[in-house]
Amino acid sequence: MSHILITYYSNSGNTEAMAGSIAEGAQSYSDMQVVTKNVKHISNSDLQNADAIIVGSPTYYGTMAAEVKTMFDNSIELHGALDGKIGAAFASSGGVGGGNETTVLDILKALLIHGMIIQGSPEGDHYGPVSIGKPDERVVQNCLQLGRRVTELVKKIKQSGMSA
Ligand SMILES: Cc1cc2nc3c(=O)[nH]c(=O)nc-3n(C[C@H](O)[C@H](O)[C@H](O)COP(=O)(O)O)c2cc1C
């Protein structure tokens, strides 16, 4: 059994709705345990027990919310232990050009510093799903796709015997 953790912060529900669609995409595979949790309830052992960690945030001043940054800052105690796990990111914002992609990239930077493996997407949202306000059908499709792609990557890496 492989473990996919989707963790997010959300104040008005947009990022939380994205997390739900990503979980739905990941759950299309039977041998995956998919857990969706607000970052406020995340412990370092949740991070350590996951094969893949997908992190989402609203865009606050062009970057991740402080709650998400705090989770990363607390994860210093695990430094090195997440090496080789799979990571991905998603974000919502208030407007076009409001910084949702810079938020995704800031999250990906933290995951890369942990040594995690990131897969981009040649179609759709290249860095990770982004939404302006409430997710519309385009965003839902990108989130479902991310859930499926991360799950497929977990399977491939596990089969190769490479996983952390
Ligand atoms: C403190 C704060 C800062 C924000 N900064 C930005 C911003 O820089 N760019 C933007 O497009 N939206 C910004 N927003 C809007 C949120 O990113 C947007 O409403 C988002 O969809 C909220 O996600 P949530 O429903 O998951 O809480 C900000 C909102 C707050 C409360």
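**Note on strand E4 and its surroundings**

1. Both faces of E4 are covered. Ile86, Ala88, Phe90 and Ser92 are buried on one side. Gly87, Ala89, Ala91 and Ser93 are buried on the other. In a regular strand the side chains alternate between the two faces of the sheet. The count for the strand is 8 buried residues of 8. Note that this is a predicted model.

2. E4 pairs with E3 in the parallel sense, over 7 bridges. Val55 stands opposite Ala89 of E4. The connection runs through a helix: E3, H3 and E4 form a right-handed β-α-β unit.

3. E4 also pairs with strand E5 (residues 117–118), again parallel, over 2 bridges. Here Ile86 has Ile117 as its bridge partner. E4, H4 and E5 make a right-handed β-α-β unit.

4. Strand E6 (residues 130–132) is another parallel partner of E4, with 3 bridges. Ser92 stands opposite Ser131 in this pairing.

5. Now the core. The largest nonpolar core holds 38 residues. Ile4, Ile6, Ile22, Ala52, Ile54, Phe90 and Val150 have the most contacts inside it. Strands E1 (2–8), E3 (52–58) and E4 (86–93) each supply at least two of its residues. So do helices H1 (14–26), H3 (66–74), H4 (100–113) and H5 (137–160). In soluble globular proteins, nonpolar side chains tend to be buried together.

6. Ile22 is worth a look in the viewer. Leaving out residues up to four places away in sequence, Ile22 touches Ile6, Ile54 and Phe90. Cys143, Leu146 and Gly147 are on the same contact list.

7. Is Val39 buried or exposed? Val39 counts as buried, because 22 C-beta neighbours lie inside 10 Å and the cut-off is 20 or more. Yet Val39 sits in a loop, between strand E2 (32–38) and helix H2 (44–49). Beyond four places in sequence, Val39 contacts Thr7, Tyr8, Tyr9, Glu67, Val68 and Met71. As a distance check, the C-alpha atoms of Val39 and Asp83 are separated by 20 Å. These two residues are 44 apart along the chain.

8. Tyr61 is a loop residue too, between E3 and H3. Tyr61 counts as exposed because it has 10 C-beta neighbours inside 10 Å, and the limit for exposed is 12 or fewer. One backbone point to check: Tyr61 has a positive phi of about 50°, although it is not a glycine.

Notes
Residues numbered from 1 in each chain as written. Predicted model: local features only at pLDDT ≥ 70, side-chain atom pairs only at ≥ 80, totals over all residues. Core = buried A, V, L, I, M, F, W, Y, C linked by C-beta atoms within 7 Å. Helix = DSSP H or I, 4+ residues; strand = E, 2+ residues; numbered from the N terminus. Contact = placed C-beta atoms within 7 Å. Pairing = 2+ DSSP bridges. Right-handed = clockwise from strand over helix to strand, strands pointing away.
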